[in-house]
Amino acid sequence: MAHPKSTAITTEKPATTIKSATPNKIATKKAPANYLKYEEMIKMAIVALKEHNGSSCYAIKKYIKANFNI
């Protein structure tokens with residue numbers, strides 16, 4: 001029995017374009033945030049709520065939503 005000859009099929013892949021690296025960006029200073037950090041808002045909420053056993057997460061979230069523009 002004769003084996004059929006295997007034909008090697010070469011497929012050429014289309015040329016891929018290499019994207020050039022992004023140009024060097026000049027580092028600019030970010031403007032300061034217009035809002036307080038969450039840590040500061042939480043501290044203010046705990047002090048303002050004045051609960052003897054501590055403030056719950058729900059109470060802190062409610063205070064922050066009511067008093068800060070988030």
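**Close-up views of a predicted model**

The structure, a predicted model, holds one salt bridge.

**View 1. The salt bridge between E39 and K43 in helix α1.** The side chains of E39 and K43 meet with a separation of 3.5 Å, taken from N to O, and this contact counts as a salt bridge because the nitrogen lies within 4 Å of a carboxyl oxygen. Side chains of opposite charge can pair when their charged atoms come close. Along helix α1 the two residues, E39 and K43, are four residues apart, which is about one turn of the helix, and both of them are exposed.

**View 2. A nonpolar patch on the surface, formed by Y38, I42, I46 and I70.** Together these four residues, Y38, I42, I46 and I70, present about 420 Å² of accessible area. One of them, I42, is found in helix α1, which spans residues 38-49. With a relative accessible area of 35%, I42 is partly exposed, and it therefore passes the cut-off of over 30% that patch residues must meet.

**View 3. The segment annotated as "domain: H15", residues 34-70.** The placement of this feature comes from UniProt, where the entry is unreviewed. Over residues 34-70 the chain is 62% helix and 0% strand, while the C-alpha atoms at the two ends of the segment are 11 Å apart.

**View 4. The whole chain and its surface, for context.** The chain contains two helices and zero strands, and of its 70 residues 9% are buried. About 7800 Å² of the chain is exposed, with carbon and sulfur atoms supplying 59% of that area.

Methods:
Residues numbered from 1 in each chain as written. Predicted model: local features only at pLDDT ≥ 70, side-chain atom pairs only at ≥ 80, totals over all residues. Heavy atoms only, no water. Patch = residues over 30% accessible without salt bridge, like charges linked within 9 Å, V, L, I, M, F, W, Y side chains within 5 Å. Areas by Shrake-Rupley, 256 points an atom, 1.4 Å probe, with all protein chains shown as cover. Buried < 20%, exposed > 50% of the residue type's maximum accessible area, 1.4 Å probe, protein only. UniProt positions renumbered as here; feature names shortened; annotations may be inferred.
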